[in-house]
Amino acid sequence: MASWSEFAADEPRLADGIRHLMQQYGPGFGYLATVRADGGPRVHPVSPVITDEGLFCFVVDSPKRRDLERDGRYALHSFPPEDSDDEAYVAGHARPVTDQARVARLAEIGRAAPQVDWRLFEFTVDVAMLARRGDAGTVRPGEATGRPAVQVWLDPGAAGAAATTTDAASTAPGGGAVGVPDRRSALDGRGAHRAAA
């Protein structure tokens, strides 16, 4: 399981693009998907905190927090931009942060209210995806938008990395066609995978 910092060191331009979309409105905004006790999905809006040391989220006492405490699997998707159909997605595992100095430092950065019952989680990155579709204003209603340029990064240490590439790309919200790009480069030894369609 790679930390955000490890992912960003391996693929800095991709990490910057994802960070930009997650923080496009100032504070972080995204949709967090968790796994319910019955195995079904649950989706909530959240405010992720991305720093040089990692990807974090303060989660209040809620069903999504209980999901993360029971089964740490998560997926995080960016809010849609106003001027394009670009999207960013990361998935991996959430783990509680127990170092109180780190919690305090991140609470200050994330402006987490001290009187609220929240818990800080760090999100590892097993897969990261960025889809660029260009400006929405350049396409007239009824015209085909073409296929997006997609970049996917896989943690080389994650189990089932090859299967995750297909799953992440083919199930990308709003982009069912991105799973089988026309051209794709081989997965290099560090885990970077780029596809331009």
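Strand 4 is largely enclosed by the rest of the structure, because six of its seven residues are buried. The structure is a predicted model. Strand 4 covers residues 54–60 and has pairing partners in strand 3 and strand 7. Strand 3 and strand 4 run antiparallel and are joined by three bridges. A hairpin through two residues connects them. Within this pairing, Val49 stands opposite Phe56. Strand 4 and strand 7 also run antiparallel, with five bridges between them. Here Phe56 stands opposite Glu122. Phe56 thus appears in both pairings, with Val49 and with Glu122.

Val60 also belongs to strand 4. Val60 has a relative accessible area of 36%, so it counts as partly exposed. Asp117 lies 57 residues from Val60 along the chain, yet their C-alpha atoms are separated by 5.6 Å.

Strand 7 spans residues 118–123 and contains Glu122. Is this glutamate, Glu122, buried or exposed? Glu122 is buried, because its relative accessible area is 5%, and the cut-off for burial is under 20%. The Glu122 side chain makes a polar contact with the side chain of Arg102, at 3.3 Å. Beyond its neighbours within four places in sequence, Glu122 is in contact with several further residues, including Ser3, Glu53, Gly54, Leu55 and Phe56. His93, Ala94, Arg95, Val97 and Arg102 are also among the contacts of Glu122.

Arg102 leads to helix 4. The buried residues of helix 4 are Arg102, Val103, Leu106 and Ala107. Seen down the helix axis, these buried residues fall within an arc of 135 degrees, so they line one face of helix 4. What covers them includes strand 3 (49–51), strand 4 and strand 7. The polar contact between Arg102 and Glu122 therefore joins a buried residue of helix 4 to a buried residue of strand 7, side chain to side chain.

Helix 4 runs over residues 100–110 and includes Ala104. Ala104 is partly exposed, because its relative accessible area is 47%. Ala104 and Leu120 are 16 residues apart in sequence, and their C-alpha atoms are 9.9 Å apart in space. The N-terminal end of helix 4 is capped by Asp99. A side-chain oxygen of Asp99 lies 3.0 Å from the backbone nitrogen of Ala101. Just after helix 4, Arg111 takes a positive phi of about 55 degrees.

The largest nonpolar core was examined next. In soluble globular proteins, nonpolar side chains tend to be buried together. The largest nonpolar core here has 26 residues. Which of its residues touch the most other members? They are Trp4, Phe7, Ile18, Tyr74 and Phe123. Two or more core residues come from each of helix 1 (4–10), helix 2 (12–22), strand 4, strand 5 (73–78), strand 6 (87–96), strand 7 and strand 8 (127–132). Helix 2 gives the most to this core, with five residues. Strand 4 and strand 7 are thus among the contributors to the core, and they are also paired with each other.

Phe7 shows the contacts of one such residue. Leaving aside neighbours within four places in sequence, Phe7 is in contact with Leu14, Ala15 and Ile18, among others. Val125, Ala128 and Trp153 are also among the contacts of Phe7. Ile18 is, like Phe7, one of the core residues that touch the most other members.

Technical notes. Residues are numbered from 1 along each chain as its sequence is written. This is a predicted model: local features need pLDDT of at least 70, side-chain atom pairs count only at pLDDT 80 or more; totals for chains, interfaces and linings use all residues. Side-chain values use heavy atoms; hydrogens and water are left out. Helices (H or I, at least four residues) and strands (E, at least two) are DSSP runs, numbered from the N terminus. Buried means under 20% relative accessible area, exposed over 50%, partly exposed in between (1.4 Å probe, protein chains only). A polar contact is a pair of N or O atoms within 3.5 Å; within protein, one must be able to donate a hydrogen and the other to accept it, and residues adjacent in sequence count only if both atoms are side-chain atoms. Contact means heavy atoms within 4.5 Å. The arc is that of the directions from the helix axis to the C-beta atoms. Two strands pair if DSSP finds at least two bridges between them. A nonpolar core is a set of buried Ala, Val, Leu, Ile, Met, Phe, Trp, Tyr and Cys residues joined through side-chain atoms within 4.5 Å.
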